[in-house]
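Here is a short walk through a two-chain model, written to be read with the structure open beside you. We start with a few charged pairs and then work outward to the chains and the place where they meet.

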Amino acid sequence: MAQLPENLLRRAAEARAKAEGIPVEEALAEMKGEAPPAGADAAAPSAGAPAPVAASGGPVRDLDAESSKFGVPRPLLDRGMRARARKDGTAVPAMAGAAVAASPAAGKAAPAAPAAPGGPPPAAGPPPGVRTQRLLTVVKAGAIQGTTKEPQDKVNVWPHLLAIEFVALLAMLALLTLMSAFIDAPLLEFANFNQQPNPSKAPWYFLGLQELLAYFDPQVAGVLLPTFGMIALMFIPYVDRNPSVRPSDRKLAFSIFTVFFMAASILTIFGSFFRGPGFNFVFPWRDGIFFDDLKTLLE
Amino acid sequence: MADGNGKGGVLTAVKGMGTHLRNSQVWNSIFRPGSPARADSTDSPRNRAYVVMNNVLYHLHPVKVKRHGLKVSYVLCLGGLSFFLFIILTVTGIFLMFYYRPTSPAAYFDLQALATDVAFGQLVRNMHRWGAHLMVITVFLHMTRVFYHGAYKPPREFNWVVGIILLLLTLLLSFTGYLLPWDQLALWAVTVGSNMGAYAPVFGEQVSFILVGGVQITADTLLRFYVLHVLFLPFVIVIFMAVHFWRVRKDGGISGPL
């Protein structure tokens with residue numbers, strides 16, 4: 001049987017031999033569709049013995065014709081035929097015509113007398129209530145879904161990626177621990193509703209917006225711009241129809257995003273360090289820094 | 001003993017115990033096949049795959065990644081570090097919850113006590129605060145990294161939207177936590193911040209009323225922000241993170257190369 005590697009066939013034959021109590025060589029030969037070695041019949045007293053060859057007038061099959069008709073490899077048909085015959089205790093059907101001589105797989109069927117095609121069906125079917133299975137077709141190995149993916153250069157996540165991530169994680173933990181060991185989080189005086197500090201600043205990540213408040217109406221700077229900004233961010237993938245990810249193809253997208261990115265950064269830095277009492281403009285190196293998030297660091 | 005048999009005996013005994021432990025049913029039930037912790041583990045391509053596949057890590061990583069994904073200069077680990085900071089913030093936050101009461105004036109005194117009475121209290125509070133600032137930065141930089149790599153393009157469009165929601169939730173988490181020290185910095189920064197929301201057209205005042213729990217910030221706001229900060233927003237962000245990570249895997253892992 002050319003389709004199966006020899007070692008797999010050997011393993012299967014050994015398993016079958018063990019299960020049925022027949023010599024390995026015989027099982028192997030049968031699976032290959034060849035005649036069992038001499039003396040194998042004698043060694044296997046009961047179940048393993050191949051069924052007797054059909055006498056004249058028994059069922060006749062032309063495996064070569066069936067093979068080409070149904071697209072099933074001939075050795076499989078042969079194997080199925082023999083298994084059926086052995087199971088039912090009936091004779092192995094004779095081969096029709098020239099196929100007998102042409103194929104070594106016909107094995108012991110070869111000397112059988114050629115019978116007329118269309119002979120009577122096998123006499124003994126399976127006992128009532130016993131279901132048998134037939135091989136309908138053989139599906140060639142291959143993916144169910146056709147894929148056209150190119151093979152890619154890939155590496156194992158373990159250990160390569162996980163090691164890098166672990167180092168990054170440790171570095172971050174070290175940075176955070178060191179920072180926390182040397183810089184205390186600010187804790188000013190007890191909250192006092194009657195004493196607003198000057199300047200009062202929002203958390204630093206909102207200072208860009210607070211900076212915008214100095215230029216625009218609160219409805220625009222505090223609400224419309226951030227809302228619009230967030231919605232615009234969310235819609236980037238649906239607006240940018242350019243399929244390329246190469247920077248040289250995305251000059252417009254890069255420019256627009258970079259402009260907004262820089263604007264947000266500058267506004268935030270400006271609001272954090274260049275705004276003093278009354279949220280008026282100051283030079284941090286001349287008038288001091290009015291940025292309480294880093295108060296403990298700066299003192 | 002002069003010949004050192006005693007020492008060697010102890011060493012052998014300890015080694016034997018270790019081997020026994022690593023072959024035990026308990027050990028093998030904890031570490032699934034392929035894990036380097038198992039006694040029978042060898043370094044083979046199959047076991048390298050199993051380390052990820054037979055592990056909860058498989059939810060975060062495939063067995064293999066494209067080679068360029070290993071370059072630190074490509075991703076800068078920003079997404080992973082954001083997640084790691086979130087975990088640090090959860091751990092330190094739980095620690096802080098043991099010593100904090102969200103009422104006025106107890107909240108402020110609890111923070112003072114944290115600095116003086118609680119072992120490592122100040123260190124953990126510092127880690128929580130600086131970690132929060134760092135997380136805002138890493139999440140924001142992660143977003144810019146993803147933009148410049150065009151990693152939001154199909155099929156990753158929706159995951160970008162989830163990412164923006166995560167950025168918003170990160171800002172909200174940081175903002176709600178900002179009030180909790182109940183000092184002058186917290187009170188007035190949150191006042192400035194929530195006043196902006198009140199300017200929203202149509203329903204701005206209602207939103208502000210619900211958020212603050214009144215027409216202006218009071219001690220009730222403290223409780224409201226506390227619940228938002230320790231329960232509601234973490235709950236929501238974890239759900240979105242789960243979707244985010246799952247979509248990273250489903251959308252084909254790391255993007256690129258450029």
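B:Arg48 is partly exposed, at a relative accessible area of 22%. Please keep in mind that this is a predicted model, and that the values here are computed from it.

**Charged pairs in chain B**

What does B:Arg48 pair with? Its side chain meets that of B:Asp43 in a salt bridge, with 2.9 Å from N to O. The partner, B:Asp43, is exposed, with a relative accessible area of 59%. Buried means under 20% relative accessible area and exposed means over 50%, so a value of 22% falls in the partly exposed class.

Two other salt bridges in chain B are worth a look. B:Asp40 forms one with B:Arg38, where the closest N and O atoms are 3.5 Å apart. Here the acid, B:Asp40, is exposed at 57% relative accessible area, whereas B:Arg38 counts as buried at 12%. B:Asp110 forms another with B:Arg101, with the closest N and O atoms 2.7 Å apart. In this pair the acid, B:Asp110, counts as buried at 8% relative accessibility, while B:Arg101 counts as partly exposed at 48%.

The table sets these pairs beside one that joins the two chains.

| Acid | Base | N to O distance |
|---|---|---|
| B:Asp40 | B:Arg38 | 3.5 Å |
| B:Asp43 | B:Arg48 | 2.9 Å |
| B:Asp110 | B:Arg101 | 2.7 Å |
| A:Asp240 | B:Lys153 | 3.3 Å |

Over all chains, the count comes to 15 salt bridges. Chain A has a linked set too: A:Arg10, A:Glu14 and A:Glu25 form a network of salt bridges.

**The two chains**

Chain A holds twelve helices and three strands. Of its 299 residues, 33% count as buried. Among the contacts in chain A with a separation of 6 or more, 56% are between residues 24 or more positions apart.

Chain B has eleven helices and one strand. Read from the N terminus, its elements run α-α-α-β-α-α-α-α-α-α-α-α. Buried residues make up 47% of the 258 residues in chain B. For contacts with a separation of 6 or more in this chain, residues 24 or more positions apart account for 65%.

**Where the chains meet**

How many residues of each chain are in contact with the other? The count is 75 residues of chain A and 78 residues of chain B. Together, the two chains bury about 7,300 Å² between them, and 74% of that area is on carbon and sulfur atoms. A:Leu187, A:Phe190 and A:Phe193 supply 9% of the area that chain A buries against chain B, more than any other three residues.

Polar and charged groups take part as well. Across the interface of chain A and chain B there are 32 residue pairs in polar contact, with both residues at pLDDT 80 or more. Strand S3 (154-156), helix H7 (157-182), H8, H9 and H10 of chain A are the elements that give two or more residues to the side touching chain B. The largest share of that side, 18 residues, comes from H7(A). By residue type, the side of chain A that touches chain B divides into 48 nonpolar, 16 polar and eleven charged.

Three salt bridges are counted between chain A and chain B. One that you can find in the structure links the side chains of B:Lys153 and A:Asp240.

**Helices H8 and H10 of chain A**

Helix H10 of chain A covers residues 251-273, which is 23 residues. From its first C-alpha to its last it reaches 32 Å, close to the 33 Å expected at 1.5 Å a residue. Its buried residues are A:Ala253, A:Phe254, A:Phe257, A:Leu267, A:Thr268, A:Gly271 and A:Ser272. An α-helix has 3.6 residues a turn, so residues three or four places apart point the same way. What covers the buried residues of H10(A) includes H8 and helix H9 (218-239) of chain A, together with helix H7 (121-148) of chain B.

Helix H8 spans residues 207-213 of chain A, and A:Gln210 lies in it. Is A:Gln210 buried or exposed? A:Gln210 is buried, with a relative accessible area of 7%. Leaving out residues up to four places away in sequence, A:Gln210 touches A:Ser200, A:Lys201, A:Ala202 and A:Phe279 as well as B:Val192 and B:Met196 from chain B.

Technical notes:
Residues are numbered from 1 along each chain as its sequence is written. Chains are lettered from A and ligands numbered from 1 in the order in which they are written. This is a predicted model: local features need pLDDT of at least 70, side-chain atom pairs count only at pLDDT 80 or more; totals for chains, interfaces and linings use all residues. Side-chain values use heavy atoms; hydrogens and water are left out. Helices (H or I, at least four residues) and strands (E, at least two) are DSSP runs, numbered from the N terminus. Buried means under 20% relative accessible area, exposed over 50%, partly exposed in between (1.4 Å probe, protein chains only). Contact means heavy atoms within 4.5 Å. The expected span of a helix is 1.5 Å times one less than its number of residues. Buried area is the accessible area (1.4 Å probe) that two parts lose on being put together, summed over both. A salt bridge is a side-chain nitrogen of Lys or Arg within 4 Å of a carboxyl oxygen of Asp or Glu. A polar contact is a pair of N or O atoms within 3.5 Å; within protein, one must be able to donate a hydrogen and the other to accept it, and residues adjacent in sequence count only if both atoms are side-chain atoms. Ala, Val, Leu, Ile, Met, Phe, Trp, Tyr, Cys and Pro count as nonpolar, Asp, Glu, Lys and Arg as charged, and the others, Gly among them, as polar.
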